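Here are my notes on this one, as numbered points. Have the viewer open while you read, and jump around as you like.

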Amino acid sequence: MTTAPANLLAVRRLLLDTIKSLDPAAVGIVGDPAHRGGYHTGSDRVVANDYSVVESPRDSAGLTLYASGLDVGTFSVRSGGATHDLRTFSEWCVAQCRANTADSRDLREIIYSPDGKVVRRWDRLGKRSSGDDSHLWHTHFSFFRDSTKAGRDQTSLFRRYLTGIGLLEGPDMTPEEHAWLETVHKNLTVLDGRNPVGQIYTRMAMGEDHTNPDFVVPHPSLKSLGAQVASLQTALATKDFTDEQAIITGVLTGLTPEKIAAAIPPTIAKQVADELAKRLVA
């Protein structure tokens, strides 16, 4: 019998656990017993020339008893000072598919409504552009059947959405990543004459570089460390670490009166002598 694969059940559980206004009955994978054909059915319920099988070798080669579709019903949630609902969720997912993000490439199609009035369809194969009116109040996701057969994780796309709207926290760094960051910090800790470069790096990484108010960096992660190090190198390359007064003081400290006198050009020796005489009298 047609059954729900573990990878789509994981997506369902993620959505229900995170979006509290979602009704469990509105998030489905397997079609009801009368359902025939399409991605909500497995090999026992597909029909002749079923579009969910014959239009892509990824589907024909991946046909099993697994259903390969997911429906998500209406919801509304406030987060990050904004309201997020089925419409904004659907349009975000379609935008990711159009951008061909790595975690959306197993999606064959999304049938949705951007406004509750018209039904649209994004189809990776370019076969169709619309759907029936039931999609005015629910969004349908079709996954290529080879992805459900292989059990590939499909939560990444949905987790990115939930993180982006503030319902989930971003992933923290692993212990290995923390150790790598600590090594980078130690290697960068050299003196610039006033503050350790490592401290400057830390402020930059946390978006607190007061010498450059336009510098904004999110919490460090391995994905952003390369850009942060490049920004640090640019900042250091353009920063003037020369303390002219300290150099002058150091040079004069090492000179004897005889050396100073010998270094003064004859043309200004009298002027210097007169200036020194005035200072001694004062």
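**Notes on the predicted model**

1. Let's start with F75, which counts as buried at 7% relative accessibility. The residue sits in the loop between β2 and β3 (76-79), and keep in mind that what we're looking at is a predicted model. Which residues does F75 touch, leaving aside its neighbours within four places in sequence? The contacts are I19, S21, L22, H84, D85, L86, F89 and Y161. One of these partners, L22, is 53 residues away along the chain, yet the C-alpha atoms of F75 and L22 are separated by 5.4 Å.

2. Now the overall picture. The protein chain has twelve helices and seven strands. Of its 282 residues, 37% are buried. If you take the contacts with a separation of 6 or more, 60% are between residues 24 or more positions apart. The accessible surface is about 16,300 Å², and carbon and sulfur atoms account for 57% of that.

3. Next, the sheet. Five strands make up an open sheet, with antiparallel pairing and the order β1-β2-β7-β5-β6. The edges are taken by β1 (27-28) and β6 (120-123); each has a single partner strand, so one side of each has no neighbour in the sheet. As background, strands of a sheet pair through backbone hydrogen bonds, either parallel or antiparallel.

4. β7 deserves a look of its own. On one flank, β2 (residues 69-73) is joined to β7 (residues 138-143) by five bridges, and the two run antiparallel. Within that pairing, V72 is opposite T139 and G73 is opposite H138. β5 (residues 107-112) also runs antiparallel to β7, with four bridges between them. There, I110 has F141 as its bridge partner in β7.

5. How many of the six residues of β7 are buried? Six of the six are, so to speak, under cover. H138, H140 and S142 point one way from the strand, while T139, F141 and F143 point the other way. Both sets are buried. If you're checking side-chain placement, these two rows are easy to pick out by residue number.

6. Helix α1 (residues 6-18) is worth showing together with the sheet. This helix lies across β1, β2 and β7. Relative to β2, α1 runs at about 10°.

7. Then there is helix α4 (residues 86-98). Its 13 residues should span 18 Å at 1.5 Å a residue, and the end C-alpha atoms are indeed 18 Å apart, so the two agree. The buried residues in α4 are L86, R87, F89, S90, C93, V94, Q96 and C97. An α-helix has 3.6 residues a turn, so residues three or four places apart point the same way. What covers the buried residues of α4? The cover includes β2, β4 (82-85), β5, β6, β7 and α6 (155-164). Two of the buried residues, L86 and F89, also turn up among the contacts of F75.

8. On the cysteines: a search of the whole structure turns up zero disulfides. C93 is in none, and the nearest cysteine sulfur, that of C97, is 7.0 Å away. Why is there no bond between C97 and C93? Their sulfurs are 7.0 Å apart, which is too far for a bond, given that a disulfide needs the two sulfur atoms within 2.5 Å. As for their surroundings, C93 counts as buried at 0% relative accessibility, and C97 is buried too, with a relative accessible area of 2%.

9. Finally, two backbone angles to look at. N49 is not a glycine, but has a positive phi of about 55°. This residue lies in the loop between β1 and α2 (51-54) and is exposed, with a relative accessible area of 69%. N100 is not a glycine either, and its phi is positive as well, at about 60°. N100 is found in the loop between α4 and β5. Is N100 buried, exposed or partly exposed? Partly exposed, with a relative accessible area of 35%.

Methods: Residues are numbered from 1 along each chain as its sequence is written. This is a predicted model: local features need pLDDT of at least 70, side-chain atom pairs count only at pLDDT 80 or more; totals for chains, interfaces and linings use all residues. Side-chain values use heavy atoms; hydrogens and water are left out. Buried means under 20% relative accessible area, exposed over 50%, partly exposed in between (1.4 Å probe, protein chains only). Two strands pair if DSSP finds at least two bridges between them. Contact means heavy atoms within 4.5 Å. Axes are lines fitted to C-alpha atoms, for helices over the stretch in contact, and angles run from 0 to 180 degrees between N-to-C directions. Accessible areas come from the Shrake-Rupley method with a 1.4 Å probe; for residues, only the protein chains shown count as cover. The expected span of a helix is 1.5 Å times one less than its number of residues.
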